[in-house]
Amino acid sequence: MRYLISCVKTLIIVAVLTLLSNFCIERSAFSQLSLTRNLNRPSYGPNILSDNASSQLPPVVKKRQCVWGPPPKKNVVPKIKLDPTKFLYPGIRAGPNNQMRQLLKVVHVAILLNRTLVVPNFYSHFSVGQQIVQPYQRVDVDRICSLVSCVTLETFQKVCNGTFHYVFLQNQDFNEKFYKTTAKDTGLSIRWPWDKPTNKFKSTSGPTVERIFPNKQLSLSEIKKYFDVPKPCALYPGHEDDMSFFYLKPSLPLPDVVEDISKLQEDDLKFAIMEEVGTLPHVIDDTALAYSQKVFKGDYVGVHWRYDDSDWARHCTVLGDPTCKNVKKISGKHIATAIHNDLQKFMTKFTQGINIYIAAPPSMSTFAQSIVTELKQLNSTFHIAPLTLEQFVTDKIDSCFKKNNWHFGDTLSLIEMALMQKSEYFYYSKSSTWSKNCQQRRWFVPQDGKLAVMKYEASIFDLSEAVLLGSS
Ligand SMILES: Nc1nc2c(ncn2[C@@H]2O[C@H](COP(=O)(O)OP(=O)(O)OP(=O)(O)O)[C@@H](O)[C@H]2O)c(=O)[nH]1
Ligand SMILES: [Mg+2]
């Protein structure tokens with residue numbers, strides 16, 4: 001009997017240790033990715049992959065636990081410590097990828113103004129049902145807070161006692177809807193003296209919001225000049241002016257503790273912001289990796305076709321995008337031919353055929369399927385994902401995502417972004433912020449231990465248009 005008990009005890013200990021080591025393997029694989037830094041300037045040009053490149057992929061833990069809830073609160077010490085008595089709330093808006101680009105900018109502004117960052121709410125895209133998305137379901141909160149001092153919305157609400165004190169504007173003000181939504185979603189009122197007295201937000205008591213509105217696009221030094229004000233609670237509505245990453249020339253990683261931000265190179269700071277803030281939640285990366293290993297067992301080519309009628313077409317009616325001239329004339333066959341032709345230059349590298357993943361908005365799934373059909377006809381060695389991501393995620397949703405209220409459409413889109421980010425070659429959609437953010441994130445997937453190395457990518461629109469016009 002005693003022998004039996006001791007055997008059971010040993011078994012339990014082994015099981016616990018196995019679970020723990022699995023978890024550690026999973027985390028450490030990703031920590032390594034995030035910690036490897038390139039001290040050199042970025043180098044450009046295609047990276048030719050070999051068949052055995054897949055052996056370098058981190059191991060995926062087969063039996064995984066449901067770790068999809070809010071991450072445990074850790075006491076992270078940020079590299080850049082900001083004033084703990086002043087705060088900046090990012091009033092981000094528009095599509096999820098516009099929100100991400102705005103957030104990058106706001107973090108930069110928070111650093112310049114020495115204000116603690118409030119990790120904001122996000123929103124899912126209207127095409128998949130707009131609702132609030134919790135921060136940990138959109139970004140890697142731990143990584144953001146390990147770069148700059150940050151607080152949750154709950155902490156901000158307590159400190160601010162129910163109201164914002166400032167709205168920091170540049171060359172445009174925002175409509176009433178934006179302020180109403182922000183007030184409602186943050187639980188903080190925006191009492192504005194400049195608005196009509198009938199406005200519901202007009203309050204008879206309490207502080208009013210001071211609108212700082214220079215009515216021009218501010219340079220970094222002007223941001224400091226105009227917005228250096230004393231009260232704690234400021235709203236910075238997201239601006240569309242972009243942190244362009246293609247031209248960054250980072251030279252040094254940030255030190256573990258940044259004593260004086262004025263001593264940093266501007267590109268190094270921007271690069272660090274993109275690296276730490278522009279990341280996806282750990283579980284999203286993890287699911288993308290698990291999926292790609294399951295269906296491809298190796299490297300693959302990613303294609304993003306963004307151009308749907310229901311949403312992207314707004315670029316044609318409102319923005320007059322030059323892409324519009326031919327985009328509707330391009331068929332699945334044109335796209336498949338373009339991919340097939342372009343991949344010819346890499347053919348000799350693959351002995352086992354080429355894996356391809358096509359990402360597209362849900363409303364384009366039939367069109368995406370037509371690309372798949374054409375690709376298979378053009379080349380029988382193309383392997384296109386046999387198990388749909390949707391099915392794979394649905395299985396997970398039952399056990400993990402759903403339990404923690406992840407938004408299905410938003411989550412699917414993020415996982416597809418993670419797939420594009422990790423693909424060896426990427427055919428992106430120009431004039432799409434979705435694609436642009438994938439391109440940016442590809443900078444931070446280390447190659448030979450280096451970051452900011454541009455892997456091969458090409459505009460799928462341009463290639464397909466050339467096929468359409470008969471020049472390819
Ligand atoms: N699942 C999935 N969803 C997509 C894909 N492309 C676009 N979407 C959906 O469409 C939304 C895209 O909106 P945004 O985030 O505004 O990006 P964008 O429309 O490409 O960029 P802008 O034109 O600058 O707004 C995403 O949030 C997704 O919901 C895709 O390849 N897969
Ligand atoms: Mg959009």
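Visitor: Which residue is the bridge partner of Tyr-166 in strand 7?

Guide: The partner of Tyr-166 in strand 7 is Glu-210. Please keep in mind that this is a predicted model.

Visitor: How many bridges join strand 6 and strand 7, and in which sense do they pair?

Guide: Strand 6, residues 166-168, pairs with strand 7 over three bridges, in the parallel sense.

Visitor: What is the order of the strands in that open sheet of six?

Guide: The order is 5-2-1-8-6-7, and the pairing is parallel. Strand 5 (150-151) and strand 7 (210-212) are the edge strands, as each of them pairs on one side only.

Visitor: Which strands does helix 4 lie across?

Guide: Helix 4, residues 153-160, lies across strand 1 (87-91), strand 2 (116-118), strand 5 and strand 8 (233-237). The helix runs at about 125 degrees to strand 1.

Visitor: Let us turn to the open sheet of five strands. What is its order?

Guide: Its strands follow the order 11-10-9-12-13, with parallel pairing. At the edges are strand 11 (382-384) and strand 13 (457-459), each pairing on one side only. On average, neighbouring strands of this sheet are turned by 20 degrees against each other, with direction ignored.

Visitor: How many bridges join strand 9 to strand 12 there?

Guide: Three bridges join strand 9 (residues 301-304) to strand 12 (residues 425-428), and the two run parallel. Within this pair, Val-301 stands opposite Tyr-425 of strand 12.

Visitor: And which strands does helix 14 touch when it packs on the sheet?

Guide: Helix 14 touches strand 9, strand 10 (354-359) and strand 12. Its direction makes about 145 degrees with that of strand 10. Helix 16 also packs on the sheet, touching strand 9, strand 12 and strand 13, and its direction makes about 55 degrees with that of strand 13.

Visitor: At what angle do the axes of helix 11 and helix 16 cross?

Guide: The axes of helix 11 (residues 332-343) and helix 16 (residues 460-468) cross at roughly 105 degrees and come within 8 Å. Helix 11 is therefore roughly perpendicular to helix 16.

Visitor: Which residues meet there?

Guide: From helix 11 come His-334, Ile-335, Thr-337, Ala-338 and Asp-342, which meet Ile-460, Leu-463, Ser-464, Val-467 and Leu-468 of helix 16. The residues of this contact divide into six nonpolar, three polar and one charged.

Visitor: A change of topic: which residues come nearest to ligand 1?

Guide: Of the 21 residues around ligand 1, Gly-95, Asn-97, Ala-359, Thr-433 and Trp-434 come nearest. Helix 2 (96-113), helix 14 (408-422) and helix 15 (433-442) are the elements that give two or more residues to the shell. The largest share, four residues, comes from helix 14.

Visitor: How many residues of the shell are nonpolar, polar and charged?

Guide: The shell around ligand 1 has nine nonpolar, 10 polar and two charged residues.

Visitor: Why does ligand 1 lie between domain 1 and domain 2?

Guide: Ligand 1 lies between them because domain 1 (87-277) and domain 2 (282-468) both give residues to its shell.

Methods
Residues numbered from 1 in each chain as written. Chains lettered and ligands numbered in written order. Predicted model: local features only at pLDDT ≥ 70, side-chain atom pairs only at ≥ 80, totals over all residues. Near = placed C-beta within 6 Å. Nonpolar A, V, L, I, M, F, W, Y, C, P; charged D, E, K, R; others polar. Domains from an automatic or database assignment. Axes fitted to C-alpha atoms, helices over the stretch in contact; angles between N-to-C directions. Parallel < 35°, antiparallel > 145°, perpendicular 65-115°, else oblique. Contact = placed C-beta atoms within 7 Å. Pairing = 2+ DSSP bridges.
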